[in-house]
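Dear colleague,

Please find below the structure that I am handing over to you. My notes on it follow directly after.

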Amino acid sequence: MRTFLAVHRAGSLTGAAPSLGLSQPTVTAQVRALEEELGQQLFVRRARGVTPTSAADELATRIAPHVDALTSLTFGEADPFAAPVHLAGPAELTTLRVLPALSGLVAAGLRLRVTFGLAEDLLTGLSQRRFDLVVSTIRPRGRSLVANPLTDEEFVLVGPRGFTGDPRSAPLVAYAEDLPIIRRYWRSVLGVRPPSGPAVVVPDLRGVLASVLAGFGVSVLPRYLCAAELASGALVALLEPEEPPINTLFVVTRAEPSRAGPAAVREALLADAARW
């Protein structure tokens, strides 16, 4: 039943195997044995993964609470912080918001291992069990991962102190060559694409902030990252749209019973994010 539920949630025999500590042939054999026992087909094999039948959906709904409860009881830990928690997320938000929110848990004995990276790579790592939870800028697809909304980040177009020019023709300081954040802001607020490529590319938003402060040009940044500089006047908001672009951030875990340590980290982040 535990194997069946893992396959149902992952949508893949291969994808379920690592979470179970089993090989893919063993997972396949267990699913076939269950189908023979029930006398019903549970999954339709596809080129990529499997699709559950209506019988599988009904069975999963009935057994999930009981299998999860038994799994939690069987694999529970006497010490919730016995093993390190592997957390991953974007460098800027993790540094400025996520880590401070976990200070109480660290003081209580939590051992934390942190990785920075891009959302898609980190979500893949979560599925492959390299991480326990991920703070993600995108919502994952499929049923193998569970995403809880964490916070919304608001984007603001900023320039250095005293900037009076037209931001649409100013040099651009970007996170990446393809202007991912700037391009979205231009389209959403100005209704056009950015007119040119970036003058400066820094693959860290804290570096983009420092470059704008140094007078290299203008950029689009999350408001949380530059709130102090806006308040002091070191940066100026060049536009104040009625509905600024926002992006929802998520804390993502695997769709399976979580160890006490990762569960405590998730709950601490969700609680603290209300004040971000």
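How much area does the protein expose, and what share of it do carbon and sulfur atoms supply? The exposed area is about 13,900 Å², with 53% supplied by carbon and sulfur atoms; accessible areas come from the Shrake-Rupley method with a 1.4 Å probe, and for residues only the protein chains shown count as cover.

Please note that this is a predicted model, in which local features need pLDDT of at least 70 and side-chain atom pairs count only at pLDDT 80 or more, while totals for chains, interfaces and linings use all residues. Residues are numbered from 1 along each chain as its sequence is written, and side-chain values use heavy atoms, with hydrogens and water left out.

Overall architecture

The secondary structure comprises 11 helices and 11 strands (DSSP runs numbered from the N terminus: helices are H or I of at least four residues, strands E of at least two). Along its principal axes, the C-alpha trace spans about 75 × 45 × 30 Å. Of the 276 residues, 44% are buried (under 20% relative accessible area, with a 1.4 Å probe and protein chains only). Among contacts (heavy atoms within 4.5 Å) between residues at least 6 apart in sequence, 70% join residues at least 24 apart.

Strand β9 and helix α10

Strand β9 (residues 219–222) is covered on both faces: Ser219 and Leu221 are buried on one side, Val220 and Pro222 on the other. Strands β6 (residues 145–160) and β9 run antiparallel and are joined by four bridges (strands pair if DSSP finds at least two bridges between them). Valine 156 has leucine 221 of β9 as its bridge partner.

In helix α10 (residues 223–232), the buried residues are Tyr224, Leu225, Cys226, Glu229 and Leu230. These buried residues pack against α5 (91–101), β6, α9 (205–213), β9 and β10 (235–237). Glycine 233, just after α10, takes a positive phi of about 90 degrees.

Aromatic pairs

There are two aromatic pairs in the structure (rings of Phe, Tyr and Trp, the last by its six-membered ring, with centres within 6.5 Å; planes under 30 degrees apart are stacked, over 60 edge-to-face and the rest tilted). One of them is the tilted pair of phenylalanine 4 and phenylalanine 43, at 5.7 Å centre to centre and 45 degrees between the planes. This pair links distant parts of the chain, 39 residues apart: phenylalanine 4 lies in helix α1 (residues 2–10) and phenylalanine 43 in strand β1 (residues 43–45). Phenylalanine 4 is buried at 2% relative accessible area, and phenylalanine 43 is buried at 1%.

With kind regards

Key. Buried < 20%, exposed > 50% of the residue type's maximum accessible area, 1.4 Å probe, protein only.
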